[in-house]
Amino acid sequence: MSLVVTGATGQLGHHVVSSLLAKGVPADHVVALGRDEERLAGLAALGVTTRRVDYADPEGLAAAFDGADRVLLISGSEVGQRLPQHRNVIEAAKAAGVSLLAYTSIANADTSGIILAVEHKATEDAIVASGLSHTFLRNSWYTENYTGQLATYAEHGTVLGAAGEGRVSAATRADYAEAAATALLLEQPKPVYELGGSAFSLKELATTVGEVLDKDVTYTDLPADELTKVLVGAGLPEPYAAVLVDADLGLGRGELYVEPTDLEELLGRPATTLADAVRAAA
Ligand SMILES: NC(=O)c1ccc[n+]([C@@H]2O[C@H](COP(=O)([O-])OP(=O)(O)OC[C@H]3O[C@@H](n4cnc5c(N)ncnc54)[C@H](OP(=O)(O)O)[C@@H]3O)[C@@H](O)[C@H]2O)c1
């Protein structure tokens, strides 16, 4: 059995490779793909096969998928370029005759109005149209999107957002990765998993951060244009800030909310709690 993980040089992909090995998959059954030579070397040190490939290179993908039984396509990070890149991956997987294509999508991809969901929905449609047996791992937000900002929350005593009282089913990358590894190994994974942990509002996030850091941290809800200005003022490129604010508005509409059941089913345990993730990051 040859299991190919794309984006293995990334944070989620590295966790997936580690999870597969932890589950007892022999290292020579795992093929890790990415572009970054240094991180590919780090993966090779784990004993897995590595291949350098760009989603924009159909011939390279064909060579990388040679002999593949199952492929996990971790969505590319170049927003706006992802659909043609993902199409190349889908075509290469089909040409290689893989028996399963797993894809890391976004929560509620088929109904979400978030800008980021557009490429995910189009990729899902392309996978369905390919006729390949598939499983969509519709990940909600990463908890790390928040725990990566603990120092900023502590410095300003506030979490800024435009999500109102909306709740987000964030889970850690490690949990999503473990779930992806499990799905990849199931004889017949479900066609769609809506994946996320126990949901929290940004007000609850602020409270949890405050409790763990033993500081006063509150949530400040801003109009979208004001939050965009703050993020741009803090140095974010305007298009990136716009995508983040748009996601917060979607969060407010409940589009990053999912029940925790699918993630728990794949993990065989509850997901890591927000408080534990904040404690670990702190
Ligand atoms: N759910 C969320 O909250 C959330 C948040 C952010 C991102 N995401 C999505 O989840 C994906 C994985 O997250 P992550 O944290 O692991 O991201 P990451 O650390 O930035 O890793 C991205 C991975 O994608 C690979 N990649 C990007 N463009 C590629 C291309 N053209 N050809 C080949 N490989 C390419 C990168 O390879 P190299 O580094 O080797 O070039 C890297 O392995 C992201 O790409 C993004 O689509 C989700």
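## A ligand shared by two domains

In this predicted model, the shell around the ligand takes at least three residues from domain 1 (3–139) and at least three from domain 2 (140–171 + 195–258 + 268–282). In total, 24 residues surround the ligand, and the closest are T9, R35, S75, R82 and R173. Sorted by class, the shell holds six nonpolar, 11 polar and seven charged residues.

## Polar contacts with the ligand

Let's look at a few individual atoms. An oxygen atom of the ligand sits 2.8 Å from a polar backbone atom of L12. On the nitrogen side, a ligand nitrogen atom is 3.0 Å from an N or O atom in the side chain of D54, and a nitrogen atom of the ligand is also 3.0 Å from a polar backbone atom of S140.

On its own, the ligand has 900 Å² of accessible area, and the protein covers 84% of this. The elements giving two or more residues to the shell are α1 (11–22) and α4 (82–95).

## The sheet

Now for the strands. Seven of them form an open sheet with parallel pairing, in the order β3-β2-β1-β4-β5-β6-β9. Why do β3 (49–52) and β9 (192–195) each have one side without a neighbour in the sheet? Both stand at the edges with a single partner strand each, so one side of each is left free of a neighbour. From one strand to the next, the twist averages 20°.

One pairing to look for is that of β4 (residues 70–73) with β5 (residues 100–106): these strands run parallel and are joined by four bridges. L72, for instance, has A102 in β5 as its bridge partner.

Technical notes
Residues numbered from 1 in each chain as written. Predicted model: local features only at pLDDT ≥ 70, side-chain atom pairs only at ≥ 80, totals over all residues. Heavy atoms only, no water. Near = heavy atom within 4 Å. Polar contact = N/O pair within 3.5 Å; in protein donor to acceptor, adjacent residues only side chain to side chain. Areas by Shrake-Rupley, 256 points an atom, 1.4 Å probe, with all protein chains shown as cover. Nonpolar A, V, L, I, M, F, W, Y, C, P; charged D, E, K, R; others polar. Domains from an automatic or database assignment. Pairing = 2+ DSSP bridges. Axes fitted to C-alpha atoms, helices over the stretch in contact; angles between N-to-C directions.
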